[in-house]
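These notes are meant for a colleague who is opening this entry for the first time. Please read them with the sequence and the model side by side.

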Amino acid sequence: MCFTLLKNVRLLVFDINKIEDIFAPGEVDRFYINFCDPWPKKRHAKRRLTHVGFLEKYRGLLKSGGRIHFKTDNRPLFDFSLEQFEEAKLTVQDVSFDLHAENRPDNIMTEYERKFSGFGEKINRCEVVFP
């Protein structure tokens, strides 16, 4: 396994509802949302990290042209997210409904990704561009 020290990447643990307290407007180039809680009950949809309410928060923090890289094994969450991206008038690129079938050399596999793909789950991925 190869590890690279990156000086421009940080892992933060905080309440997502207070994300504006962590970052200044236009400070962020990219957010990675990997294998988040799908909140499967319809009444909890506003808690999903790809809900349009959160997308609007991210919009204020991302630089122009900033992106979200999103991965999940949960197809209903992925489909919901694609609808939310469209509702928020965001550009969705590089959509995959079976990431590992593509054998992409640039894919960095997360712990959850390794676990779920090991169970035979398909990994969904996309990039979302903010104007």
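How many salt bridges does the count come to?

1. The model is a predicted one, and by the distance rule applied to it the count comes to 11 salt bridges. Several of these pairs are taken up below, together with the places in the chain from which their residues come.

2. One of the pairs is formed by lysine 57 and glutamate 20, whose side chains meet in a salt bridge with an N to O distance of 3.6 Å. Because lysine 57 lies in helix α1 (residues 52–61) and glutamate 20 in the segment before β1 (28–34), the pair ties together parts that are 37 residues apart in sequence. As for their surroundings, lysine 57 counts as partly exposed at 22% relative accessibility, and glutamate 20 likewise counts as partly exposed, at 41%.

3. A second pair to look at is lysine 71 with glutamate 113, in which the closest N and O atoms of the salt bridge are 2.6 Å apart. Lysine 71 belongs to strand β2 (residues 62–72) and glutamate 113 to helix α3 (residues 111–118), so this salt bridge ties together parts that are 42 residues apart in sequence. Are the two residues buried or exposed? Lysine 71 is buried, with a relative accessible area of 7%, and glutamate 113 counts as buried too, at 0% relative accessibility.

4. Glutamate 127 and arginine 125 also form a salt bridge, with their closest N and O atoms 2.8 Å apart. Glutamate 127 counts as buried at 12% relative accessibility, while arginine 125 is buried with a relative accessible area of 8%. The two residues do not stand by themselves, for a network of salt bridges links Arg67, Asp94, Glu102, Arg104, Asp106, Arg125 and Glu127.

5. Which cysteine sulfur is closest to that of cysteine 36? It belongs to cysteine 126 and is 11 Å away, which is too far for a bond, and the structure accordingly holds zero disulfides. Seen from the other side, cysteine 126 is in no disulfide, its nearest cysteine sulfur being that of cysteine 36. A reader may find it useful to recall that a disulfide is a covalent bond between the sulfur atoms of two cysteines. Cysteine 36 is buried, with a relative accessible area of 13%, and cysteine 126 counts as buried at 0% relative accessibility.

6. On the surface, Leu12, Phe14 and Ile22 make a nonpolar patch of about 230 Å². Leucine 12, one of these residues, is found in the segment before β1 and is partly exposed, with a relative accessible area of 41%.

7. The segment before β1 also holds glycine 26, which counts as partly exposed at 28% relative accessibility. What does glycine 26 contact once its neighbours within four places in sequence are left aside? The residues in contact with glycine 26 are then Gly60, Leu61, Leu62 and Lys63. For leucine 61, which is 35 residues away along the chain, the C-alpha atom is separated from that of glycine 26 by 4.6 Å.

8. Turning to the fold as a whole, the secondary structure of the protein chain comes to three helices and four strands, and these follow the pattern β-α-β-α-β-α-β when they are read along the sequence. Among contacts in the protein chain between residues at least 6 apart in sequence, 75% join residues at least 24 apart.

9. For the overall dimensions, the C-alpha trace of the protein chain spans about 40 × 40 × 25 Å along its principal axes. The chain has a radius of gyration of 15 Å, which agrees with the value near 14 Å that a compact globule of 131 residues would have.

10. Last come the totals for burial and surface. Buried residues make up 36% of the 131 residues in the protein chain, and the accessible surface of the chain comes to about 8800 Å², of which 54% belongs to carbon and sulfur atoms.

Terms used. Residues numbered from 1 in each chain as written. Predicted model: local features only at pLDDT ≥ 70, side-chain atom pairs only at ≥ 80, totals over all residues. Heavy atoms only, no water. Salt bridge = Lys/Arg side-chain N within 4 Å of Asp/Glu carboxyl O. Helix = DSSP H or I, 4+ residues; strand = E, 2+ residues; numbered from the N terminus. Buried < 20%, exposed > 50% of the residue type's maximum accessible area, 1.4 Å probe, protein only. Disulfide = S-S within 2.5 Å. Patch = residues over 30% accessible without salt bridge, like charges linked within 9 Å, V, L, I, M, F, W, Y side chains within 5 Å. Areas by Shrake-Rupley, 256 points an atom, 1.4 Å probe, with all protein chains shown as cover. Rg over C-alpha atoms; globule rule 2.2 N^0.38 Å. Contact = heavy atoms within 4.5 Å.
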